[in-house]
Amino acid sequence: MGPAETLFSNYIPVLLATIVGFILVLSALLGARLLAPFSREREKSTTYECGMLPIQRSATNVGMRFYLYAILFVIFDVEAVFIFPWAVSFMTLGAQAYWLMVAFIAILALGLGYAWKKGALQWR
Amino acid sequence: MPEGLFGLNPWLDGLIRLLLIVGLMTVVAMGLIYIERKVLGRFHARVGPQRTGPFGLLQSVADALKLIGKEDLRPRNADPWTFEFGPYLVFIPIFMGFVVQPFMADFNVRVLDLGILYFVAVSSVSIVGWVMAGWGSDNRYAMIGGMRAAAQAISYELPFVLSLLAVSMLSGTLNINEIVLAQWQVPNIVWQPLAFVIFFIAALAELNRPPFDIPVGESEVVGGPFVEYSGIRWSMFFLGEYASLFIMSILISAVFLGGYVWPFGQELGIGFQLLLTVIKASLLIFLIIWVRASVPRLRIDQLMGYAWKILVPLALVQILVNGFVLVYDLPMPILTVVGLGGIALLSWLTERAIRKPRAARASAIALQSEAAS
């Protein structure tokens, strides 16, 4: 069997796990549909709040700070993805590859230091 | 092609293994709920569940039956699609994480060469489900909880990934089973104590376990994204939470504690291998419950600062030190010494952050003056 087919057959369980997980949740929900009582009332389906009706829909404003962290996360997660292949093969690549990675991480560390200094890491 | 345990074609083989996992996961999750309540009860100087069945053993069964029989509400304002599909997106990725978990030498669903990358990728998808649940409920508490969950998950994803990378550098592979087999003499925790501590903390945050449970903090956001969910749909989140606790403890025991080979080597029978995995995972679960019982919940600024200012830099330093020692073929005990020094530094920084919350105070004063003006 060729490498491509081996790769494919390795990931069959992943596809199956997705399907089985979906069926699991679906069957639980269907089971509840059969067993659980249902009675529609107007008051019951209001949004939960401390004793009063909420004024607007909730999807209005979200703090800007969440986006700052999201941007930082994208930068550093891409970095982590770059480190993955290096971490597996740096022993065969030798010292030069190591110092290249040091430079790579140092540049990103500078970026982190800059964000830190600008106060992007401080939750306000 | 790696021949399956059941010697069948890969579809059927995978399906049988996954169905076994379904049974295992359900039983373990229910057991974990009981154990957590019992152990927490002991920590609180009470007995915990004791009325349902002998020693309260049937408590989880009673809970499950109650949850199935409860009405499944959907608020009128909720967005139907995101609200309905939130539980699916939380649960399915957690279930997919079982594919690479090494329980025994010959029983995992499938040995993937990129096991660690696969696990990291899949496990972070479920945060989409959290945000969907929070957004779709059309409830402010749920919305804030979902946003907090997203912020926390992406921040702690980095130390999580980087400390796993530090370990895979030692073994030179991303295949979890090969990492386990490489530890037959010395488990990775000896060489990588700092990576273990960072990974444990980040795993607590990824699991949304206390002290990192601000997305679901009852006293702040009354249950976070799940506030509008009831009955079986809520129990899907709950099942997912305990299943991921199970997965995470298996993963830590495999990657850091030598999984099923240390300390007796890989020639052991299946029963002993399973026993080793169970013992190590149970110790970790007990540790996680212990942390829940004794550490108060963090504030959100402490939470984000801890990940970005302390854990990420330390994890990067750990990777660089690993690379240096391995490339220049220095003696391995250097790694242990550096790691222990790193732990000392980490605890000093944590202690300092607790004792002198200077930045937090300054920002609080700034907020007050802003509000006054």
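Which residue forms a salt bridge with B:Asp213, and how far apart are the closest N and O atoms? Hold that thought for a second, everyone. What you see above is a predicted model, so please hear each value as something computed from that model.

Now, back to the opener. The partner is B:Arg297, with the closest N and O atoms 2.8 Å apart. This pair links distant parts of the chain: B:Asp213 sits in the loop between helix 9 and helix 10 of chain B, while B:Arg297 sits in the loop between helix 12 (270-294) and helix 13 (300-327), 84 residues away. The two ends differ in exposure. B:Asp213 has a relative accessible area of 9% and is buried, whereas B:Arg297 is partly exposed at 27%.

Let's stay in that loop for a moment. B:Asn208 is also found between helix 9 (193-206) and helix 10 of chain B. Its relative accessible area is 9%, so B:Asn208 counts as buried, the cut-off being under 20%. And what does B:Asn208 contact, leaving aside neighbours within four places in sequence? Our friend B:Asp213 is there, together with B:Trp130, B:Gln152 and B:Pro215.

On to the other salt bridges. Over all chains, the structure holds eight of them. One joins the side chains of B:Arg17 and B:Asp13, at 3.2 Å from N to O. These two residues are four apart in helix 1 (residues 10-43) of chain B, which means they are separated by about one helical turn. Both ends are tucked away: B:Arg17 is buried at 5% relative accessible area, and B:Asp13 is buried at 2%.

Compare that with B:Asp63 and B:Arg37, whose closest N and O atoms are also 3.2 Å apart. Here B:Asp63 lies in helix 2 (residues 59-68) of chain B and B:Arg37 in helix 1, so the salt bridge ties together parts 26 residues apart in sequence. The exposure is another story too: B:Asp63 is partly exposed at 22%, and B:Arg37 is partly exposed at 36%. There is also a network of salt bridges, linking B:Asp72, B:Arg74, B:Glu84 and B:Arg233.

Next, the aromatics. A search of the whole structure turns up 29 aromatic pairs over all chains. Let me pick out B:Phe226 and B:Phe237, which are stacked, with 4.2 Å between the centres and 25° between the planes. B:Phe226 is in the loop between helix 10 (218-221) and helix 11 (231-255) of chain B, and B:Phe237 is in helix 11, 11 residues apart. Are these rings buried or exposed? B:Phe226 is buried, with a relative accessible area of 9%, and B:Phe237 is buried at 3%.

B:Phe237 has a further ring partner. With B:Tyr229 the geometry is edge-to-face, at 4.9 Å centre to centre and 75° between the planes. B:Tyr229 is buried as well. Zooming out, B:Phe226, B:Tyr229 and B:Phe237 belong to one aromatic cluster with B:Phe83 and B:Trp130. You met B:Trp130 a moment ago, as a contact of B:Asn208.

Now for the two chains together. How many residues of chain A are in contact with chain B? The count is 71, and they meet 78 residues of chain B. Between them the chains bury about 7,100 Å², 74% of it on carbon and sulfur atoms. For those of you thinking about electrostatics, the number of salt bridges between chain A and chain B is zero. There are two residue pairs in polar contact between the chains, both at pLDDT 80 or more.

On the chain A side, the elements giving two or more residues are helix 1 (3-10), helix 2 (12-35), helix 3 (65-93) and helix 4 (95-117). Helix 2 of chain A supplies the largest share, with 18 residues.

Last stop, the core. The largest nonpolar core has 149 residues. Those with the most contacts inside it come from both chains, including A:Trp86, B:Phe95, B:Tyr156 and B:Trp308. B:Trp308 is a nice one to click on. Beyond residues up to four places away in sequence, B:Trp308 touches A:Tyr69, A:Leu72, A:Phe73, A:Phe76, A:Leu112 and A:Leu121 from chain A. From chain B, the residues it touches are B:Ser155, B:Leu158 and B:Pro313.

That's my tour, thanks for listening!

How values were computed
Residues are numbered from 1 along each chain as its sequence is written. Chains are lettered from A and ligands numbered from 1 in the order in which they are written. This is a predicted model: local features need pLDDT of at least 70, side-chain atom pairs count only at pLDDT 80 or more; totals for chains, interfaces and linings use all residues. Side-chain values use heavy atoms; hydrogens and water are left out. A nonpolar core is a set of buried Ala, Val, Leu, Ile, Met, Phe, Trp, Tyr and Cys residues joined through side-chain atoms within 4.5 Å. Buried means under 20% relative accessible area, exposed over 50%, partly exposed in between (1.4 Å probe, protein chains only). Contact means heavy atoms within 4.5 Å. Rings of Phe, Tyr and Trp (its six-membered ring) pair if their centres lie within 6.5 Å; planes under 30 degrees apart count as stacked, over 60 as edge-to-face and the rest as tilted. Buried area is the accessible area (1.4 Å probe) that two parts lose on being put together, summed over both. A salt bridge is a side-chain nitrogen of Lys or Arg within 4 Å of a carboxyl oxygen of Asp or Glu. A polar contact is a pair of N or O atoms within 3.5 Å; within protein, one must be able to donate a hydrogen and the other to accept it, and residues adjacent in sequence count only if both atoms are side-chain atoms.
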